[in-house]
Amino acid sequence: MAIQIDCYLSFTGNCEEALNFYAQCLGGKVSTLMRYEGSPMDNKDLPANWKQKVMHGTVEAEGAQIMGSDLPPGMPNAGYNGITVSLYIKQDVDKARKAFDALVAGGQVTMPFAPPFWGGHFGMLKDKFGVPWMVSTE
């Protein structure tokens, strides 16, 4: 039996921008983009300016995926406390460094991308959307 664990990120109105950013950073594409308009959530309680927000979206890059949505108004979003997105790029330091540099644009380095004591290369960052990332390669 195979197990797959995916990352699903919640945003407060800028999910489409974030998914496009991740697609660009990871050399992938936005493969799914479903909006609230026309969905079962498109009702009288959904503000008109929210209809074009992302109900569900997916970025695919080299067999991996990252998903997300905009949380409707009134749903709590406490940010990204206690979770980090881990990006592992097998045996390609240059590709991992390029991804790290792309993801940190407009964000903040929390640990520079460099060789750690355990080997390989590793770095940590918080992207411009506030999402924490770890990027590593052997």
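The exercises below work through a predicted model of a protein.

**Exercise 1. Overall layout**

Task: State how many helices and strands the protein has, and in what pattern they follow along the sequence.

Solution:
- Step 1. Count the elements. The protein has 2 helices and 8 strands.
- Step 2. Read them along the sequence. The pattern is β-α-β-β-β-β-α-β-β-β.
- Step 3. Add the extent. The C-alpha trace spans about 55 × 30 × 30 Å along its principal axes.
- Step 4. Add burial and surface. Of the 138 residues, 37% are buried. The accessible surface is about 8,200 Å², and carbon and sulfur atoms hold 54% of that surface.
- Step 5. Check the contact range. Take contacts between residues at least 6 apart in sequence: 53% of them join residues at least 24 apart.

**Exercise 2. Cysteines**

Task: Find how many disulfides the model contains, and explain why Cys-25 forms none.

Solution:
- Step 1. Recall the chemistry. A disulfide covalently links the sulfur atoms of two cysteines.
- Step 2. Set the cut-off. The two sulfur atoms must lie within 2.5 Å.
- Step 3. Apply the cut-off. The count is 0 disulfides.
- Step 4. Test Cys-7. Its nearest cysteine sulfur belongs to Cys-15 and is 11 Å away, and Cys-7 is in no disulfide.
- Step 5. Test Cys-25. The closest cysteine sulfur is that of Cys-7, at 14 Å, so the pair is too far apart for a bond.
- Step 6. Place Cys-25. Its relative accessible area is 11%, so Cys-25 is buried.

**Exercise 3. Helix α1**

Task: Compare the span of α1 with the expected value, then list its buried residues.

Solution:
- Step 1. Take the span. Helix α1 covers residues 15-26, which is 12 residues, and reaches 16 Å from first C-alpha to last.
- Step 2. Compare. At 1.5 Å a residue the expected span is 16 Å, and α1 comes close to that.
- Step 3. List the buried set. In α1 these are Cys-15, Ala-18, Leu-19, Phe-21, Tyr-22, Ala-23, Cys-25 and Leu-26.
- Step 4. Recall the geometry. With 3.6 residues a turn, residues three or four places apart in an α-helix point the same way.
- Step 5. Look past the end. Gly-27 comes just after α1 and has a positive phi of about 65°.

**Exercise 4. The nonpolar core**

Task: Identify which residues have the most contacts inside the largest nonpolar core, and which elements supply it.

Solution:
- Step 1. Size the core. The largest nonpolar core has 30 residues.
- Step 2. Name the residues with the most contacts inside the core. They are Leu-9, Phe-11, Tyr-22, Leu-103, Val-131 and Trp-133.
- Step 3. Trace the suppliers. At least two core residues come from each of β1 (7-11), α1, β3 (54-61), β5 (85-88), α2 (93-103) and β8 (132-137).
- Step 4. Rank them. Helix α1 gives the most, with 8 residues.
- Step 5. Follow Trp-133. Beyond four places in sequence, its contacts include Tyr-22, Ile-66, Val-85, Leu-87, Leu-103 and Met-124.

**Exercise 5. Strand β5**

Task: Decide which side chains of β5 are buried, and find the bridge partner of Tyr-88 in β8.

Solution:
- Step 1. Recall the rule. Side chains in a regular strand alternate between the two faces of the sheet.
- Step 2. Assign the faces. Val-85 and Leu-87 point to one face and are buried. Ser-86 and Tyr-88 point to the other and are not buried.
- Step 3. Pair the strand. β5 and β8 run parallel and are joined by 4 bridges.
- Step 4. Find the partner. Tyr-88 bridges to Ser-136 in β8.

**Exercise 6. Phe-113 and His-121**

Task: Locate Phe-113 and His-121, and state whether each is buried or exposed.

Solution:
- Step 1. Locate Phe-113. This residue is in strand β6 (residues 108-114).
- Step 2. Judge Phe-113. Its relative accessibility is 8%, so Phe-113 is buried.
- Step 3. Locate His-121. This residue is in strand β7 (residues 121-126).
- Step 4. Judge His-121. The cut-off for buried is under 20%. His-121 has a relative accessible area of 16%, so it is buried.
- Step 5. Check contacts. Phe-113 touches His-121, and its other partners include Val-93, Arg-97 and Val-135. His-121 touches Val-93, Arg-97 and Val-135 too.
- Step 6. Check the backbone. The C-alpha atoms of Phe-113 and Met-124 are separated by 7.0 Å, at 11 residues apart along the chain.

**Exercise 7. Positive phi in loops**

Task: Place Glu-62 and Gln-91, and give the phi of each.

Solution:
- Step 1. Take Glu-62. It sits in the loop between β3 and β4 (64-70). Its phi is near 50°. At 64% relative accessibility, Glu-62 is exposed.
- Step 2. Take Gln-91. It sits in the loop between β5 and α2. Its phi is about 50°, although it is not a glycine. At 60% relative accessible area, Gln-91 is exposed.

Notes
Residues numbered from 1 in each chain as written. Predicted model: local features only at pLDDT ≥ 70, side-chain atom pairs only at ≥ 80, totals over all residues. Heavy atoms only, no water. Buried < 20%, exposed > 50% of the residue type's maximum accessible area, 1.4 Å probe, protein only. Expected span 1.5 Å × (residues − 1). Core = buried A, V, L, I, M, F, W, Y, C linked by side-chain atoms within 4.5 Å. Contact = heavy atoms within 4.5 Å. Pairing = 2+ DSSP bridges. Areas by Shrake-Rupley, 256 points an atom, 1.4 Å probe, with all protein chains shown as cover.
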